[in-house]
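Here is a guided tour of one protein model, written for someone who likes to check each stop against the coordinates. Have the viewer open as you read.

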Amino acid sequence: MIRTQVAIIGAGPSGLLLSQLLQRNGISSVVLEQRSRSYVEARIRAGLLERGTVELLEAAGAGERLRREGLVHDGVELAFAGRVQRIDLKALAGHAMTVYGQTELTKDLGDAHAALGGTVLYEATDVALDGFEGTHPRVAFTHQGVRDEVECDFIAGCDGFHGISRASVPAGSIQTHERVYPFGWLGVLAEVPPVSNELIYANHARGFALCSMRSMTRSRYYVQCTPVDKVEDWSDSRFWDELRARLPAGYASRMVTGPSIEKSIAPLRSFVAEPMRFGRLFLVGDAAHIVPPTGAKGLNLAAADVRMLYEGLVDYYRSGSGTLLGEYSARALARVWEATRFSWWFTTLMHRFSDDSFAQRLQVAELEYLVESPAASWSFAENYVGLPFA
Ligand code: APR
Ligand code: PHB
């Protein structure tokens, strides 16, 4: 039997970041992760960080390489109806975004965690939560063939959308809200210089496209695809042709192409579970909510949850007051719904939903308004860089 203050399920960005922040504040935790460390570190996901996320990573002692290698983007480009318009995020909302791969970030968190002597039990299977509705939460698991148990004060469910934490809550105590979008994103990673210095989000009659990057020599590009498309349907040449067809001519002709080093399809969904606290169990990050990737809010929302939970736990162990912890669910959900709204709106604005010409003309009209009206540009920018914390 292991005794710790906080048992953390899942060693994704949420679990590792929380454990690291707690450790630096003298609060013990044990992280239980079903996969291997190399599997966790190889998962490719959006890599666009809000200022608040960068600050939290620095507070966790995992911000050093990020400061050195992260690409600071002061603006973003919107392409539609044959034109391209830049939104100056820094000038409008006062903050830039940082481009840094989530794979790199997970590695940095893993290294910082190991350097502080934190415990992550990788390949811990059959994780089972118990007692969180009372005063003695426990988490049972199997590690290296041995069944064992963690006894703790609190459990943090950082185990993603398919995890066991949310599934352990009695059905009657949880409410879920969901929207599944009728398309997916086909993503390609390639060792080619990005077509532009900044990200390009493109609305096109053939469907949405996004030009992102991991570095000045590695690009991450996406095109909207159907929900039934398979990666095998998309040769590299088909992908590049389709991406070029959806970009303004200047970019299409300038784009450097090359063999893909990764290619995958992700479905798009919005999902929110409420509340995010059940007695002594807290849901954090993707375990509680999913946003479509348009705007890259997923990781930033997870970091915001971690910030609020960690502040609550530090306050609890320092002062004995449960007030901040009691406010966790409501505070986190307020931000979750703001980001859910923005991600849904941006997705709806940029993607092709049907053949309906009326809907397509409305999208273009809204994009014209967005780039022409200072008020609309500002509203976009303040959401894109991340709304301020209350
Ligand atoms: N037992 C132990 N670990 C589990 C279990 C389980 N039953 N189920 C899932 N896990 C682990 C997964 O293997 C994964 O490593 O929990 C981890 C959850 O990590 P993520 O899915 O990355 O979720 P989170 O840490 O909240 O990160 C949010 O990742 O999906 C993106 O857009 C999202 O960028 C955001 C970030
Ligand atoms: C990415 O780089 O993978 C990325 C960037 C911005 C998004 C989504 C994904 O909105």
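Helix H7, residues 236-246, lies across E14, strand E15 (200-202), strand E16 (209-215), strand E17 (218-225) and E18. The direction of H7 runs at about 80° to E17. A second helix, H10 (residues 323-350), also packs on the sheet. H10 touches strand E6 (75-80), E14, E15, E18 and E21, and its direction makes about 130° with that of E18. Please keep in mind that this is a predicted model.

The sheet itself is open and has 8 strands, in the order E7-E6-E15-E16-E17-E14-E18-E21, with mixed pairing. Strand E7 (83-88) and strand E21 (289-290) are the edge strands, each pairing on one side only.

For a closer look at the pairing, follow E14. Strand E14 covers residues 175-190 and strand E18 covers residues 260-274; the two pair in the antiparallel sense over 13 bridges. Along this pairing, Gln175 has Glu274 in E18 as its bridge partner, and Gly184 stands opposite Pro267 in E18. E14 also pairs with E17 in the antiparallel sense, here over 7 bridges. In that pairing, Ala190 has Ser219 in E17 as its bridge partner.

Glu274 comes up again in the backbone geometry. A cis peptide bond joins Glu274 to Pro275, with omega about -10°. Pro275 sits in the loop between E18 and strand E19 (277-278). Most residues other than glycine have a negative phi, and most peptide bonds are trans. Two further loop residues are worth a click. Glu123 is not a glycine, yet has a positive phi of about 55°; Glu123 belongs to the loop between strand E9 (119-121) and strand E10 (125-130). Gln144, also not a glycine, has a positive phi of about 50° and is found in the loop between strand E11 (138-143) and strand E12 (146-151).

How is the chain divided? Domain 1 takes in 2-71 + 100-177 + 269-347, while domain 2 takes in 181-267 + 353-385. Taken over C-alpha atoms, the centres of domain 1 and domain 2 are 30 Å apart. In the contact between them, 21 residues of domain 1 meet 21 residues of domain 2.

Now to the empty space. Searching the whole structure turns up 5 cavities of 30 Å³ or more. The table sets out two of these cavities together with one pocket.

| Space | Volume | Lining by class |
|---|---|---|
| Largest cavity | about 100 Å³ | 4 nonpolar, 3 polar, 4 charged residues |
| Second largest cavity | about 50 Å³ | 8 nonpolar, 2 polar, no charged residues |
| Second largest pocket | about 260 Å³ | 5 nonpolar, 5 polar, 6 charged residues |

Which residues line the largest cavity? They are Glu50, Lys297, Asn300, Leu301, Arg335, Glu338, Ala339, Phe342, Asn383, Gly386 and Leu387. Helix H9 (298-319) and H10 each supply at least two residues of this lining, and the largest share, 4 residues, comes from H10. H10 is thus a helix to revisit: the one that packs on the sheet also contributes to the wall of the largest cavity.

The second largest cavity is lined by Pro13, Ser14, Leu17, Thr53, Leu57, Leu105, Leu109, Leu299, Ala302 and Ala303. Four helices each give at least two residues to this lining: helix H1 (13-24), helix H3 (51-59), helix H6 (102-115) and H9. H9 therefore deserves a second look, as does the class count, where no charged residues appear.The second largest pocket has a lining of 16 residues. Those nearest its centre are Gly101, Thr103, Glu104, Arg214 and Arg218. H6 and E16 are the elements that give two or more residues to the lining of this pocket, and H6 gives the most, with 3 residues. Which domains does the lining of the second largest pocket draw on? At least three of its residues come from each of domain 1 and domain 2.

How values were computed: Residues are numbered from 1 along each chain as its sequence is written. Chains are lettered from A and ligands numbered from 1 in the order in which they are written. This is a predicted model: local features need pLDDT of at least 70, side-chain atom pairs count only at pLDDT 80 or more; totals for chains, interfaces and linings use all residues. Side-chain values use heavy atoms; hydrogens and water are left out. Two strands pair if DSSP finds at least two bridges between them. Contact means heavy atoms within 4.5 Å. Axes are lines fitted to C-alpha atoms, for helices over the stretch in contact, and angles run from 0 to 180 degrees between N-to-C directions. On a 1 Å grid over the protein atoms alone, a cavity is a set of points where a 1.4 Å probe fits but cannot get out, and a pocket is an open set with protein on both sides within 12 Å along at least five of seven lines; lining residues have an atom within 4 Å of a point. Grid points are joined across faces, edges and corners, and a volume is the space filled by probe spheres set on the points. Ala, Val, Leu, Ile, Met, Phe, Trp, Tyr, Cys and Pro count as nonpolar, Asp, Glu, Lys and Arg as charged, and the others, Gly among them, as polar. Domain bounds come from an automatic or database domain assignment.
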